[in-house]
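Hello! Here are my notes on the model we talked about, set out as numbered points. I hope they are handy to read alongside the viewer.

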Amino acid sequence: MSIFASGLTRAALAVAGAACAVTGAVVGVGPAVAAPTALAPGTAGLVPGLAVSYTLAANDGRAQGIQMYITSGKRTDAEQRQLWRNAIATYGSPAAARRWVLPAEESPHVRGEAVDVGPWEGAAWLERNGHRWGLCRTFVNEWWHFELATTPGTACPPMWPDAAVRADRRGI
Ligand SMILES: [Zn+2]
């Protein structure tokens, strides 16, 4: 039997490959980063680069005594549609709701490209340090929401006021 018959081995190889993609951008400006041996809880369904980057960041934070966990990562279409309906009920109109929750076809969570992080102290640490792995807080009104938004090791771009402003600007 080939070693590739092992699901665990396949997963480890996938993680290693994703880590190379993430860390490849920093070759030449810093030490190579070892691939994590296991992905952080809550990363299932995320694009591989985000899953690996978040795991590396969370591991580094933990080594410094910082607690951090994903409160919401990949969402299904159905989950996002329910959140959208709830938000319209909460905020009173689609226009108001859209500042906080995007419709399924616009949400980076449905694409596996965003993580919401808690508690506040962990998110604040990630906001200060996440750029080392390409992770950035992207919205002024959501301290918990992070995406891959910069080349690892370089500064994050300015935050958007809220998700609706960005979606309108980008057309997604
Ligand atoms: Zn979010």
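1. Overall layout. The protein has six helices and four strands, where helices (H or I, at least four residues) and strands (E, at least two) are DSSP runs numbered from the N terminus. Along the sequence they follow the pattern α-α-β-α-α-β-α-β-β-α.

2. Ground rules. Residues are numbered from 1 along each chain as its sequence is written. Please keep in mind that this is a predicted model: local features need pLDDT of at least 70, side-chain atom pairs count only at pLDDT 80 or more, and totals for chains, interfaces and linings use all residues.

3. Burial and contacts. Of the 172 residues, 34% count as buried. The terms work like this: with C-beta atoms placed from the backbone, a residue is buried if 20 or more other C-beta atoms lie within 10 Å of its own, exposed if 12 or fewer, and partly exposed in between. Among contacts (C-beta atoms, placed from the backbone, within 7 Å) between residues at least 6 apart in sequence, 56% join residues at least 24 apart.

4. The sheet. Four strands form an open sheet in the order β1-β2-β4-β3, with antiparallel pairing; two strands pair if DSSP finds at least two bridges between them. β1 and β3 stand at the edges with a single partner strand each, so one side of each has no neighbour in the sheet. On average, neighbouring strands are turned by 50° against each other, direction ignored. Here axes are lines fitted to C-alpha atoms, for helices over the stretch in contact, and angles run from 0 to 180 degrees between N-to-C directions.

5. β1 with β2. These two run antiparallel and are joined by three bridges. Ile70 has Val117 of β2 as its bridge partner. Helix α5 packs on the sheet, touching β1, β2, β3 and β4, and its direction makes about 120° with that of β2.

6. The two faces of α5. Gly122, Ala123, Trp125 and Leu126 are buried in this helix. Seen down the axis of α5, these buried residues fall within an arc of 160°, so they line one face; the arc is that of the directions from the helix axis to the C-beta atoms. The face turned away from the buried side carries the exposed residues Trp120, Glu121 and Arg128. What covers the buried residues includes α2, β1 (69-72), β2, β3 and β4.

7. The largest nonpolar core. Such a core is a set of buried Ala, Val, Leu, Ile, Met, Phe, Trp, Tyr and Cys residues joined through C-beta atoms within 7 Å. This one has 23 residues, of which Tyr54, Ala57, Val115, Val117, Leu126, Leu135 and Phe146 touch the most other members. At least two residues each come from α2 (48-63), β2 (115-118), α5 (120-129), β3 (135-139) and β4 (142-148), and α2 gives the largest share, seven residues. Another core, of eight residues, lies apart from it, with Ala87, Ala97, Phe139 and Ala163 among them.

8. Leu126 up close. Leaving out residues up to four places away in sequence, Leu126 touches Ala57, Met68, Val117, Leu135 and Phe146.

9. Two spots to click on. Ala44 sits in the loop between α1 (7-23) and α2 and counts as exposed, with 12 C-beta neighbours inside 10 Å. Ile88, in helix α3 (residues 77-91), is partly exposed, with 17 other C-beta atoms within 10 Å. Not counting residues up to four places away in sequence, Ile88 touches Ser93, Pro94 and Ala97.

Note on methods:
Contact = placed C-beta atoms within 7 Å.
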